[in-house]
Amino acid sequence: MLQLKSITKNYYVADQTIEALKGLTVDFRKSEFVAVLGPSGCGKTTLMNIIGGLDKYTSGDLIIDNKSTKDFNAYDWDNYRNKKIGFVFQTYNLIPHQTVIQNVELALTLSGISKDERRKRAKEALEKVGLGDQLRKKPNQLSGGQMQRVAIARALVNSPDILLADEPTGALDTQTSEQIMEIIKEISRDRLVIMVTHNPDLARRFSTRTIKMVDGLIIEDSNPYNSDTDISFQEDGDYNRKKVSNIKTRKNRTAMSFFTALSLSLKNLNTKKARTILTSFAGSIGIIGIAMILAITSGINAYIDSLTVETLATNPITITTISFDIDQAIDQAMNMRIVEETMTKFPSIEKIFVQEATRHDEIYKKNDLDQEYIQFVKDNIKPEWVNDISYRTSHDINIFGIKKGDTAYSKLSGFTELGSAEFTEMQYQAIYGELPKDKNEVVVIVDEYNRIKEEVLIDLGYKVVDDEVTEYDFSEIVNKTFKIVPNNLLYDKKSDTRTTGESIEEFEYFEEKINIDFDSCQTLKVVGIARLRPELESGMLESGIGYTRELSQWILEQNMSSELVKWMNDNPLANPLSKGQKFETDQEKWDEALRKFGGASLPNDIRIFPIDFDAKENILDTLDKWNENNPEHIVAYTDKAAILSKVITEMVNYISFALIAFTAISLLVSSVMIGIITYVSVLERTKEIGILRAIGARKKDIARVFNAETFIIGLLAGFIGVIFTYIASIPINIIVYNAAGVKQLASLPIYQGIILILVSVALTVISGLIPAFKAAKKDPVLALRTE
């Protein structure tokens, strides 16, 4: 059963060697009640700790069931303590925050026993010691005798082969001691019981064998036993016919589940509610700071996104012959800034340095909007994606009106082209009169306060500078008229001569007429006053006078067939208004002039108004597809809404990152604090560590207990931080909405809240790793002696 062969145990203190056991040899029967007597310091407790696997012998061999323990590792000893040994201590060593039945169940949890089976066996063990009615009480609610009975039940619940009792009656009165000894004697009928005691009377009355020790040696054994000559042992263990095996049994090792560790830690924290809550709140301060920053950042970004969607009408996707690449502009500016940071401002040296030139060709990119590309856009941008698409040729539309105080017409400038009739009606409503229905009708656009710009009022015939009037009736404005003048009615073709060398050359040119025949011109009439619909944040137009797309197309057709445009096509690079002189620059300037006079059939400005954000993504994907399939004919586009959103979002994110980095300092400080508090918890629970090791808990199980504690604190801190943020967001959003009209400025996304909780848990667990490691390394013998 159990044999000790020449066991020695030395302790090393400074340069001294203390011999606690000096070659002790003794065999024990499979079932007997052995009392070990001797003065203090004779080695009794050391012997018990070695037999119990709490302490390691220096030399010799401890043989268990015919198996040597010389090669046992830590896991083997843990398994041995859990399966083979039951401990009964003088000071009971119950875990105070566990109930009676939970204390008894603990050893079974390490054995992997199911919950129902654990509860059944623990209850039976407590009933055997007379405590079947005390299951839910805490240790501090029991008497000394009752606590020792709980300790005995805990020792027996796993059906160990050996029960080790260290002064089990040392802290009890005589009557209670008698009761405890009767229980232990009954236990010894079917297993080995080894009891250390200073009371020879109890040893004589209850034990079946007494061993006396002095100075680490056995000097007397009342009923010695030699397994080599014992027939019964030979039949059971076959010791004579088999050599002692050193093969280790690795099956059914002890293991504490994380849920058991959580339960232990949760109950421990529950005994220190105030400290746990304060610690968790302190740990949550950093989380609160970061969560609030993320909430506000998320709210601002969501507000920017909503504005982007709402302003799709004012910020369409534009494709022009010259596009501006803002990313390149920002990159070049940033690179310049990086270079400047490496240089010295106001240097004292007499040298000039070269500044890298702005690469305009990378910022301003030319697009070839040829017929093939125009047709691609028309064929592939689906109607259900857009509210409107406008194709503009940037030709002049010459509109004349009579200003107040004048008698003659003068050219006006406050006009703008409307979108399609459907898109215009979608965004604007007529608040007086009606919206234009044909090319000869225009509408006055006012803002949400019914205001228009001064220059528009001037075009409408009001002399704002001299007038004291600041408001005008709608009825005064509606029905006002203007004249639209095409090229043939605006320009006269002239001829002249000039001397070139010895020859006289005749040439032609055009001049703007002094007396325009306005009676022959088309009349435009104001048919209504329009304003942005109240449910919209912004629209495609500013305040002004809007004419229809049909008028723009009509005047383009008129001008393309005009004498001036025909002359320009017959005289490439000639300037029609400069007496036939050539343009000084290249073809582009002449092309621009031709377009201005209405001679270009292909648009140089395409504006696409997406119906919503998803449609916008589909449009961009389609435009990108052209560029992927036509690498030699790449056409750049401008998404103003995305650019604006990107610039603002990046700026907000940079500020947020800086604030988060600053706030993270408090998070790290709180993590260090939690590490310190966890270490304090390790010191407070040192005896509990010893108890757990005594019933078979591994070192990693001890670490797991304290990791579970930091896990709980981190989880609680994370929840406090996130919930506080959600609650604090309510008054913040109310205040901001009342002050600025912005809804949900502080809005922490759920996924970010979950991530912050996980970060809180991770940081607290990391901060508790060192204390948990120290707890796992504690000597169980020393831990059990801690008070």
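1. Start with what a patch is here: a patch is made of residues with over 30% relative accessible area and no salt bridge, and nonpolar side chains are joined within 5 Å. Keep that in mind as you look at this predicted model. Val339, Met343, Ile349 and Phe353 form a nonpolar patch of this kind on the surface, and together they offer about 370 Å² of accessible area.

2. Let's stay with one member of that patch. Isoleucine 349 sits in the loop between helix 11 (326-341) and helix 12 (360-363). Is isoleucine 349 buried, exposed or partly exposed? Its relative accessibility is 47%, so it counts as partly exposed; the label covers values between 20% and 50%.

3. Phenylalanine 346 is found in the loop between helix 11 and helix 12 too. Phenylalanine 346 is exposed, with a relative accessible area of 79%. Have a look at its backbone as well: phi is positive, about 50 degrees, although the residue is not a glycine. For background, most residues other than glycine have a negative phi.

4. Alanine 14 is another one to check for its backbone. This residue is not a glycine, yet its phi is positive at about 55 degrees. You'll find alanine 14 in the loop between strand 1 (2-13) and strand 2 (16-28). With 78% relative accessibility, alanine 14 counts as exposed.

5. Now for the rings. How many aromatic pairs does the structure hold? There are 16 aromatic pairs. In general, a pair of aromatic rings is described by the distance of the centres and the angle of the planes.

6. Take phenylalanine 423 and phenylalanine 609 as one of these pairs. Their ring centres are 5.0 Å apart and their planes meet at 55 degrees, so the pair is tilted. Why tilted? Because 55 degrees is neither under 30, which would be stacked, nor over 60, which would be edge-to-face. Phenylalanine 423 belongs to helix 14 (residues 421-427) and phenylalanine 609 to strand 25 (residues 605-610), so the pair ties together parts that are 186 residues apart in sequence. Phenylalanine 423 counts as buried at 1% relative accessibility, and phenylalanine 609 is buried as well, at 6%.

7. Phenylalanine 507 and tyrosine 509 also pair up. Their ring centres lie 5.9 Å apart with the planes at 35 degrees, so this pair is tilted. Phenylalanine 507 is buried, with a relative accessible area of 10%, and tyrosine 509 is buried at 8%.

8. Rings can join up in bigger groups, so to speak: ring pairs link Phe72, Trp77 and Tyr80 into a cluster.

9. Charges meet rings here, too. Lysine 439 lies over the face of tryptophan 554, at 5.7 Å from the ring centre. Arginine 685 has its charged end over the ring of phenylalanine 706, 5.0 Å from the centre of that ring.

10. Last stop: alanine 776, which has its place in helix 26 (residues 769-776). Alanine 776 is buried, with a relative accessible area of 8%. Which residues does it touch, leaving out those up to four places away in sequence? The answer is Arg693, Lys699, Ile702 and Ala703. Arginine 698 is worth finding as well: its C-alpha atom is 8.1 Å from that of alanine 776, while the two residues are 78 residues apart along the chain.

Conventions:
Residues numbered from 1 in each chain as written. Predicted model: local features only at pLDDT ≥ 70, side-chain atom pairs only at ≥ 80, totals over all residues. Heavy atoms only, no water. Phe/Tyr/Trp six-rings, centres within 6.5 Å; stacked < 30°, edge-to-face > 60°. Helix = DSSP H or I, 4+ residues; strand = E, 2+ residues; numbered from the N terminus. Buried < 20%, exposed > 50% of the residue type's maximum accessible area, 1.4 Å probe, protein only. Lys NZ or Arg CZ within 6 Å of the ring centre and 35° of its normal. Patch = residues over 30% accessible without salt bridge, like charges linked within 9 Å, V, L, I, M, F, W, Y side chains within 5 Å. Areas by Shrake-Rupley, 256 points an atom, 1.4 Å probe, with all protein chains shown as cover. Salt bridge = Lys/Arg side-chain N within 4 Å of Asp/Glu carboxyl O. Contact = heavy atoms within 4.5 Å.
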